[in-house]
Amino acid sequence: LGRIAQVTADIAQINGVDKVYSITSPAGSAIDVRNLAALPAAEQATFAANLRSSVGQDNRTTLVYASFTGSPYSNDAYKAVDDMRSTLAAYAGGAGQGTAFHVGGASAMMHDMESSMMNGFYVVLPVVIIGILIILFALLRSVLLPLRMILTLSMSILVTVAAFTLVFQYWQDEVIIFMLPMVLFCALMGTGVDYDIFLVSRVREEKLKGASDREAIKKAVKSTGTIIAICALIMSGAF
């Protein structure tokens, strides 16, 4: 009980943790486990019931619950999860050597999922961009056009993420889910490349008919601009 009380106190000191509940802190505040007989009978009964529900059948495992001061899916909560793991790892390597600690729950699961997915995203991102460039090089028979398309689309994605962050995170004070950049990249890059190819192909058709660059661009925008705008409205409505 003394070791569990120490672990509970260590977790409670972590920044971002509100309260910690364990068999030595059944209501979120520590009780004197060395002198349980001094507690009123009702509190002794509550402690015994909590002990039975929080200790494993082998009498070798126990659960410790921690709540956060803010959203359980915020960056502060994820930082607290990392601090818990480092604190418990250090404790297991010292006085509690031989004890295994596992930090779970919805916040830890989402944090682990975020780390795994973002690590993969950073690998996939350049692969996708290079793949798109190769396809566009072959399709458009140009070097500058594909580079211009990727650059302008990347800028539009960055502006979209920035606007979303300003409105929802800083103005509305909401927590933005980590999947937002990935979803926006996939959706905007995919649809953006499609519509951009639609427009550029129309420009190329006018050029093949003998129009100048400026005239070809004017005709292409005039003939495809309305369709692309309507498609954009349909996509935004669907999302």
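How many salt bridges does a search of the whole structure find? In this predicted model, the search returns seven, and a few of them are worth a closer look, along with a helix that bends.

One salt bridge joins the side chains of K79 and D83, with an N to O distance of 3.0 Å. Both residues belong to helix α3 (residues 75-92), where a spacing of four residues places them about one turn of the helix apart. K79 is partly exposed, its relative accessible area being 47%.

A second pair, R148 and D196, also forms a salt bridge, at 3.0 Å from N to O. Here the link runs between distant parts of the chain, from R148 in helix α5 (residues 144-171) to D196 in helix α6, 48 residues apart. R148 is partly exposed at 33% relative accessible area, while D196, at 11%, counts as buried because the cut-off for that class is under 20%.

Helix α6 also holds E205 and R202, whose side chains meet in a salt bridge of 3.6 Å, N to O. About one helical turn separates these two residues, because they sit three residues apart in the helix. Through salt bridges with shared partners, R202, E205, E206 and K209 are joined into one network. Within it, E205 is partly exposed, with 41% relative accessibility.

Helix α6 (180-208) is also the packing partner for the buried residues of α7, namely A216, A220, T224 and I228. Helix α7 comprises 26 residues (213-238) and spans 35 Å between its first and last C-alpha, close to the expected 38 Å. Its path includes a kink of about 40 degrees centred on T224, one of the buried residues just named.

Notes: Residues numbered from 1 in each chain as written. Predicted model: local features only at pLDDT ≥ 70, side-chain atom pairs only at ≥ 80, totals over all residues. Heavy atoms only, no water. Expected span 1.5 Å × (residues − 1). Bend = angle between axes of the 7 residues up to and from the residue. Buried < 20%, exposed > 50% of the residue type's maximum accessible area, 1.4 Å probe, protein only. Contact = heavy atoms within 4.5 Å. Salt bridge = Lys/Arg side-chain N within 4 Å of Asp/Glu carboxyl O.
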